[in-house]
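Colleague: Before I use a model like this one, I would like to learn how to read its strands, helices, aromatic rings and charged pairs. Could you take me through them in turn?

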Amino acid sequence: MKRSETHPGGIQGATKDAHPSVSGAVGKRLHSPDNAWGLNRRRFLVASVLTAISAPSLLCAGFEDLHWRFLTLDEARMLAVLCDVILPPDQDPGAAAAGVVQFIDRKLAGYHRGSQALYRRGLAALASSSQQLFQKPLVDLAAHERVALVARWEKNELPPEAWKAVGSGEFFSRFVDHVMQGYFGGPRHGGNRDAVSWRMLGLPQPPVRSRRPESPRRNQP
Amino acid sequence: MSSSHVNAVVIGSGAGGGIVAKQLAQAGLSVVLLERGRWHSPSEERKDDLHNQRTFVLGPAYGPDVPKNPRALVNAQGVEEVVYADSWSYQNNAACVGGGTVSYGAMAWRFMEQDFRMKSLYGVPEGSTLDDWPITSAELEPFYDQAEYELGVAGDVSGDPFKAPRRRPLPMPPLPDDRETQIMKPAAQRLGWHPFYIPMLRNTVAYNGRPPCMRCRWCCGFACECDAKTGTHNTVIPQALATGLCELRTGCIVREIQLDTRGRGRGVEYFDGKNRRQLQTADLIVVAGGAIESARLLLNSKSRLFPTGLGNRFDWVGRNLQGHAYNGGLGLFEEETYDDLGPGGQIAVCDFNHGNPGLAGGGMLATEFIRLPYQFLNWRPADVPRWGPAFKSFVRQYFRRSIVVIGPSQEIPRFESRVEVDPKVRDFWGIPVARLSGVDHPHNLKLSQLATDKAELWLKEAGATRILRRQKTANSLSAGQHQAGTCRMGNDPKTSVVNKQGQLHDVPNVFVADASLHVTNGGFNPVLTIMALAYHVSAGITRNWKGGGLR
């Protein structure tokens, strides 16, 4: 099927990363839509409530133990804060808990490597903007300040001095698209941990019908 | 890999090339089938919603290789940019054994009678090259039938009063109704329209030794894991290979077609899987690389006789590039509409393909293929923010409560919408790349309005509480997966590239057998028409073959 309008994203020319093996989430048993989160519901509920109201230290729990392929630890922490503004935790996990920062890092070292300079310069510009506007590092911003920063970023209303070497609008647009890919795309790329967004939408797991133990492969309505 | 002389070299193993290879090999010709892509076996296929042929933010899974195959695009303002196959502006189809038929949605339409007679019916809109085909619907009917039965098409078109006459029904029934069909079919009937089950190149019962569809949500854009979806890769190409007369060479990109001293096709020069230059000579050559790549190849095949490209004496090679704009809408519902039963796209109406007051042509409207979560995000209403809690809530609320109606609007062809070869940009092998340019004929945008209006009506009747219109208003090139028109069939060599048999007017042993042939492109997915034409072109070749050459 063909669409009639330009699709966002689409990075030029980079050779795609070797695909990692399918995440363990894909192998879990079918859950009924009434209990779409399955076994991880309680863990996510707790994490969601905490992350909604508290410091990024919980958003980034364990980040210092992870192997980051491109991002620095500081950049990863900033991205955790930012992506949780784009897709915040509510009754379902937010982007950081879903592993979106890990997705972005993996893709910046892989298929989206053409965006490396954009992220490096853009995050530096955001750090600088945060200091100028709120006199605080980005990761220390209060919830309403984080939203305000992102809203201004989207509208290209951040202090221009920091943004001379990098396009605010271009970075925002690409970042939002990467968050969406990392949250709603398949878990194999490092995001959508435990298929959290697919469970949120009530999609049966495993995601491919023929791989569910109770389903015959043929013509199953 | 032998390079000894063969009877036929076929370039491209998609919908057209695969069929030609089989027809010629079964008629006793020795055939080399060259394909620049590779095999995709069902068992190795990943269901990757970010890396497939419908969503390619991480590259198109079924080709071409992104960095090695750039193109150039000239936009409506005349600015040229280099584009790659992971962006929409590249106008990609696919590049692999089976071509687009490995990963398509598989709608298998016959064009209507009127689609072959657009000029006789509607006249020639100013600034267009609208014309009749040199072949009629009735002449193509036996080849449509051959494609439907040999490859296997399922559906039920008995409810479509607008279709061209056909000798017998489809060989396989449609799948049982999904939830969207249960809602949308009665709604269309209440409007006085004529909904029916879309014909699909997909097994709904065991056919040709392959199983029926398992109704997963990973169809359109993906290879079929259970091999129920039908393409040339799992039907005619294995049959061609089984004759022992056809050799398939993958990873081979053709650089040019060469002529002998008498001005007849002599063979093709290509780069093999190890990027070595090879020459394959043949008695006849069939070009089936798709409308963009076939035109590119002819234009790159320059000689003293044809200084601007093979068969291009009157500057019609690469012209009249067409595709389809897709227009329609998304309806939001209070009730659940999602039942996780693929492939979706079950029903259509052809009430608006022709006879629309004051308009030339139109297009079919159908329910859409099932949407994966990341694909659903494309349908955000303008008043829902692009991010934040309201956006997340919208997706959560409406992913299972939405239906899309959409369809291809038939384009009015323009001479200026075209494929050229770029003077500067080259691909990995040093071959000048395709350079695309062109904009819509103004009439196309009127058809976009019509289709969107009808889609809105349909969704409203079905009970949608809110409708998002998806109407093409921008003036831009359309080619993509439905690319067509660049080596037009015709009786007059001054206004066409090939004759009624798909034979280059100027070079009797070079043929074209893909959608480049299409004079116009109907208001339908073009693949079954490509297949019927491939059977038709092959029939002409085998009828005139006298072992070593054509009569």
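Modeller: What follows is a walk through a few features, each with the general idea and then the case at hand. Please keep in mind throughout that this is a predicted model.

Colleague: Let us begin with a strand. How should I think about its two faces, and is strand E11 (residues 325–332) of chain B buried or exposed?

Modeller: The general idea is that side chains in a regular strand alternate between the two faces of the sheet. In E11(B), eight of the eight residues are buried, so the strand is largely enclosed by the rest of the structure. On one side these are Ala325(B), Asn327(B), Gly329(B) and Gly331(B), and on the other they are Tyr326(B), Gly328(B), Leu330(B) and Leu332(B), so that both faces are covered.

Colleague: Which strands pair with E11(B)?

Modeller: Strand E14 (residues 402–409) of chain B runs antiparallel to E11(B) and is joined to it by eight bridges, with Leu330(B) standing opposite Val404(B). Strand E17 (residues 466–470) of chain B also pairs with E11(B) in the antiparallel sense, over five bridges, and there Gly331(B) stands opposite Ile467(B).

Colleague: And how would I read a helix in the same spirit? I am looking at helix H6 (residues 291–300) of chain B, and I wonder how many of its residues are buried.

Modeller: An α-helix has 3.6 residues a turn, so residues three or four places apart point the same way. In H6(B), 10 of the 10 residues are buried, and the helix is mostly covered; among them are Glu293(B) and Arg296(B), together with Leu297(B), Leu298(B) and Leu299(B).

Colleague: What do the buried residues of H6(B) pack against?

Modeller: They pack against several strands of chain B, including strand E1 (6–11), strand E8 (253–259), strand E10 (277–287) and strand E15 (418–426).

Colleague: Let us turn to the aromatic rings. How many aromatic pairs are found over all chains, and could you show me one?

Modeller: A search of the whole structure finds 25 of them. Phe172(A) and Trp387(B) form an edge-to-face pair, with 6.3 Å centre to centre and 70° between the planes. Phe172(A) lies in helix H7 (residues 168–184) of chain A, while Trp387(B) lies in the loop between helix H7 (373–376) and helix H8 (389–398) of chain B, so the pair joins two chains. Both Phe172(A) and Trp387(B) are buried. For a second example, Tyr183(A) and Phe184(A) are also edge-to-face, at 5.0 Å centre to centre and with 75° between the planes. Tyr183(A) counts as buried at 0% relative accessibility, and Phe184(A) is buried with a relative accessible area of 0%.

Colleague: Which residues form one aromatic cluster with Phe172(A) and Trp387(B)?

Modeller: Tyr119(A), Trp153(A), Phe171(A) and Phe175(A) belong to that cluster with them. Rings can also be read together with charges: Arg120(A) lies over the face of Phe70(A), at 4.1 Å from the ring centre, and the charged end of Lys68(B) sits over the ring of Phe428(B), 4.7 Å from its centre.

Colleague: That leads to the charged pairs. What is the idea behind a salt bridge, and how many are found over all chains?

Modeller: Side chains of opposite charge can pair when their charged atoms come close. The search over all chains finds 44 salt bridges. In one of them, the side chains of Glu150(B) and Lys22(B) meet at 2.9 Å, N to O. This pair links distant parts of the chain, 128 residues apart, with Glu150(B) in helix H3 (residues 137–152) and Lys22(B) in helix H1 (residues 15–26) of chain B. Glu150(B) is partly exposed, with a relative accessible area of 27%, whereas Lys22(B) is buried, with a relative accessible area of 3%.

Colleague: Where do Glu80(B) and Arg435(B), which I see paired as well, lie in the chain?

Modeller: Their side chains meet in a salt bridge of 2.7 Å, N to O. Glu80(B) is in strand E4 (residues 80–83) and Arg435(B) in strand E16 of chain B, 355 residues apart.

Colleague: And what about Asp453(B) and Arg469(B)?

Modeller: They form a salt bridge whose closest N and O atoms are 2.8 Å apart. Asp453(B) lies in helix H9 (residues 442–461) and Arg469(B) in strand E17 of chain B, so the pair ties together parts that are 16 residues apart in sequence. Asp453(B) counts as partly exposed at 31% relative accessibility, and Arg469(B) is partly exposed with a relative accessible area of 33%. Finally, salt bridges that share partners join Glu80(B), Asp315(B), Arg319(B), Arg418(B), Glu420(B), Asp422(B) and Arg435(B) into one network.

Key
Residues numbered from 1 in each chain as written. Chains lettered and ligands numbered in written order. Predicted model: local features only at pLDDT ≥ 70, side-chain atom pairs only at ≥ 80, totals over all residues. Heavy atoms only, no water. Buried < 20%, exposed > 50% of the residue type's maximum accessible area, 1.4 Å probe, protein only. Helix = DSSP H or I, 4+ residues; strand = E, 2+ residues; numbered from the N terminus. Pairing = 2+ DSSP bridges. Contact = heavy atoms within 4.5 Å. Phe/Tyr/Trp six-rings, centres within 6.5 Å; stacked < 30°, edge-to-face > 60°. Lys NZ or Arg CZ within 6 Å of the ring centre and 35° of its normal. Salt bridge = Lys/Arg side-chain N within 4 Å of Asp/Glu carboxyl O.
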